[in-house]
Amino acid sequence: VIIFCTSTISLSAITFAPKLFTELGYSASYVGLLAGIFMLGSAVGGVAGGMLADRWNGRVVILLATSAAIIPTFLYVNAPDLARLALMLTAGFFIGMPHSILVLMVQQLLPGQRAMASGLALGYMFFSGSLGVLAVGFVADRIGLASALQLTAVLAIVAFAATLLLPASNKQPAINED
């Protein structure tokens, strides 16, 4: 559920935000900047999330990230141009934070097959996010693209709630060099 929600938010932003802002008459360079800023935030957030999870419990980091993603994810659609850039960066940052932690959690489920577990986690991120984008597209056809993008903030709430169901500890397994 957490992977589905965060992947859907991320892939919806990079799929539909450019379409929305192009339709609103923004230049291609501004639209590209928005997408790039979101992805930059996501990349930096993934590294920061991993670093914080090494210091704290991964569950706590995911709780922090999903709760912090709600407001910027909801607000970037209608924000003024400069604020939109900051909100896209912030939304990307917090939505990207859980990804490396989630890969590690899946690896812990299959400790003797970490590479396969990573592939499964990453594959599920892309697959579930693409299904989520399809669903967001269906919703957008009915209520409009701007509203559908704003509603992806609800997925951050769902991810937060699902994170509460994770075990309180996610200690890293010892690395087996065999």
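**Exercise 1. How many positive and negative side chains does the protein chain have, and how far apart do the centres of the two sets lie?**

Solution. Keep in mind that you are working with a predicted model.
- Step 1: count the charged side chains, which gives 7 positive and 6 negative ones.
- Step 2: take the centre of each set; the two centres lie 7 Å apart.

**Exercise 2. Describe the fold of the protein chain, then judge its compactness from the radius of gyration.**

Solution.
- Step 1: list the secondary structure. There are six helices and zero strands, so the pattern along the sequence reads α-α-α-α-α-α.
- Step 2: compare radii. The radius of gyration is 16 Å, close to the 16 Å that the globule rule gives for 178 residues, so the chain is as compact as a globular protein of that length.
- Step 3: add the outline. Along the principal axes, the C-alpha atoms fill a box of roughly 55 × 30 × 30 Å.
- Step 4: look at the contacts. Among those with a separation of 6 or more, 80% link residues 24 or more positions apart.

**Exercise 3. Work out what share of the residues is buried, and what the accessible surface is made of.**

Solution.
- Step 1: apply the cut-off for burial, under 20% relative accessible area. Of the 178 residues, 47% count as buried.
- Step 2: turn to the outside. The accessible surface comes to about 8900 Å², and carbon and sulfur atoms hold 72% of that area.

**Exercise 4. Find the residues that touch the most other members of the largest nonpolar core, and say which helices build this core.**

Solution.
- Step 1: this core has 24 residues, and Ile2, Ile62, Ile101 and Leu102 touch the most other members.
- Step 2: assign helices. At least two core residues come from each of α1 (2–23), α3 (58–75), α4 (81–109), α5 (114–143) and α6 (145–163).
- Step 3: weigh the shares. With eight residues, α4 supplies the largest one.
- Step 4: zoom in on Leu102. Beyond its neighbours within four places in sequence, Leu102 contacts Ile2, Ile3, Thr6, Ile62 and Met125.
- Step 5: note a second, separate core of 23 residues, including Ala17, Leu20, Phe21 and Leu145.

**Exercise 5. Place Leu166 in the structure and decide whether Leu166 is buried, partly exposed or exposed.**

Solution.
- Step 1: Leu166 sits in the segment after α6.
- Step 2: its relative accessible area is 23%, so Leu166 is partly exposed.
- Step 3: not counting residues up to four places away in sequence, Leu166 touches Ile2, Arg59, Ile62 and Met105.
- Step 4: check one partner. Met105 is 61 residues away from Leu166 in sequence, and their C-alpha atoms are 10.0 Å apart.

Notes:
Residues are numbered from 1 along each chain as its sequence is written. This is a predicted model: local features need pLDDT of at least 70, side-chain atom pairs count only at pLDDT 80 or more; totals for chains, interfaces and linings use all residues. Side-chain values use heavy atoms; hydrogens and water are left out. Helices (H or I, at least four residues) and strands (E, at least two) are DSSP runs, numbered from the N terminus. The radius of gyration is taken over C-alpha atoms; the globule rule is 2.2 Å times the number of residues to the power 0.38. Buried means under 20% relative accessible area, exposed over 50%, partly exposed in between (1.4 Å probe, protein chains only). Contact means heavy atoms within 4.5 Å. Accessible areas come from the Shrake-Rupley method with a 1.4 Å probe; for residues, only the protein chains shown count as cover. Lys and Arg count as positive and Asp and Glu as negative; His and the chain ends are not counted. The place of a charge is taken as NZ of Lys, CZ of Arg, CG of Asp or CD of Glu. A nonpolar core is a set of buried Ala, Val, Leu, Ile, Met, Phe, Trp, Tyr and Cys residues joined through side-chain atoms within 4.5 Å.
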